[in-house]
Amino acid sequence: MAISTTINGKTVSLTSDPDTPLLWAIRDDLKLTGTKFGCGMAECGACTIFVDGVPQRSCVTPIESIEGAEITTIEAIDSKEAKAIQQAWQELEVAQCGYCQSGQIMSATGLLMENPKPTNEDIDDAMSGNVCRCATYVRIRQAIHRASEIMEG
């Protein structure tokens, strides 16, 4: 059974087993490798993508659950919030090893889409599901505040 969905603006038909995690369809079938495999249990956030505009962990999302959904990966994120986050990330040199960064950027963008002026507590709550093995949490928080400023103009 083929599952039809839209990934980064293109309609695709996924023919893997319906229980296949979306992460593997994105990485292996579609060759979009920006989304990372971390823990495989939705606990580290490295695999974060948007499903219908909402951050979601692709490692535990079976492809059968995304029929007709609109999926956005780090390769195609292009909102004003995403651009501000990417600019702030570069200005503050947030990334160290970089492995978690695509998931961090997706979650941070999702936060700013819901709340363009988050407090430290809002940021900590929204980002608590994203683990950074380099522990750049302070710079991530600063970058989200900076992105908020960038969006204000």
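Author: Let's start with a word we will need often: a residue is buried at under 20% relative accessible area, exposed at over 50%, and partly exposed in between (1.4 Å probe, protein chains only). The model above is predicted, so local features need pLDDT of at least 70 and side-chain atom pairs count only at pLDDT 80 or more, while totals for chains, interfaces and linings use all residues. Residues are numbered from 1 along each chain as its sequence is written, and side-chain values use heavy atoms, leaving out hydrogens and water.

Reader: Thanks! Is Cys47 buried or exposed, and at what relative accessible area?

Author: Compare its value with the cut-off of under 20% for buried. Cys47 falls in the buried class, and its relative accessible area is 3%.

Reader: How many disulfides does the structure hold?

Author: A disulfide is a covalent bond between the sulfur atoms of two cysteines. Here a disulfide is counted when two cysteine sulfur atoms lie within 2.5 Å. The sulfur of Cys47 is too far for a bond, because its closest cysteine sulfur, in Cys59, is 3.6 Å away. The count of disulfides in the structure is 0.

Reader: And for Cys44, which cysteine has the nearest sulfur?

Author: Cys44 is buried, with a relative accessible area of 14%. The structure has 0 disulfides. Cys44 is therefore in none, and at 3.9 Å its nearest cysteine sulfur is that of Cys39.

Reader: Let's turn to the sheet. Which strands stand at its edges?

Author: Helices (H or I, at least four residues) and strands (E, at least two) are DSSP runs, numbered from the N terminus, and two strands pair if DSSP finds at least two bridges between them. The open sheet has 5 strands in the order 2-1-5-3-4, with mixed pairing. Each edge strand has a single partner strand, so one of its sides has no neighbour in the sheet; these are strand 2 (10-14) and strand 4 (54-57).

Reader: Which residue is the bridge partner of Thr6 in strand 5?

Author: Strand 1 (residues 3-7) and strand 5 (residues 70-72) run parallel and are joined by 2 bridges. In strand 5, Thr6 is partnered by Glu70.

Reader: What angle does the direction of helix 3 make with that of strand 3?

Author: Contact means heavy atoms within 4.5 Å; axes are lines fitted to C-alpha atoms, for helices over the stretch in contact, and angles run from 0 to 180 degrees between N-to-C directions. Glu70 of strand 5 pairs with Thr6. Helix 3 packs on the sheet and touches strand 3 (48-51), strand 4 and strand 5; with the direction of strand 3, its own makes about 40 degrees.

Reader: Where is Ser102, and which residues is it in contact with beyond four places in sequence?

Author: Ser102 sits in helix 3 (residues 101-114). At a relative accessible area of 10%, Ser102 is buried. Leaving aside neighbours within four places in sequence, Ser102 is in contact with Gly34, Thr35, Lys36, Ala46 and Ile74.

Reader: Which residues have the most contacts inside the largest nonpolar core?

Author: In soluble globular proteins, nonpolar side chains tend to be buried together. A nonpolar core is a set of buried Ala, Val, Leu, Ile, Met, Phe, Trp, Tyr and Cys residues joined through side-chain atoms within 4.5 Å. The largest one has 20 residues, and those with the most contacts inside it are Ile85, Trp89 and Ile144.

Reader: How many residues are in the other core?

Author: Setting aside neighbours up to four places away in sequence, Ile85 touches Ile105, Ala108, Thr109, Leu112, Ile144 and Ala147. Apart from the largest core lies another, including Val12, Leu22, Ala25 and Ile71, and its residues number 14.

Reader: How far apart in the chain are Arg146 and Glu91?

Author: A salt bridge is a side-chain nitrogen of Lys or Arg within 4 Å of a carboxyl oxygen of Asp or Glu, and the whole structure has 5 of them. Arg146 and Glu91 form one (2.7 Å, N to O). This pair links distant parts of the chain, Arg146 in helix 5 and Glu91 in helix 2, at a separation of 55 residues.

Reader: Which residues do salt bridges with shared partners join into one network?

Author: The side chains of Arg146 and Glu149 also meet in a salt bridge (3.4 Å, N to O). These two are about one helical turn apart, because they are 3 residues apart in helix 5. Through shared partners, one network joins Glu91, Arg146 and Glu149.
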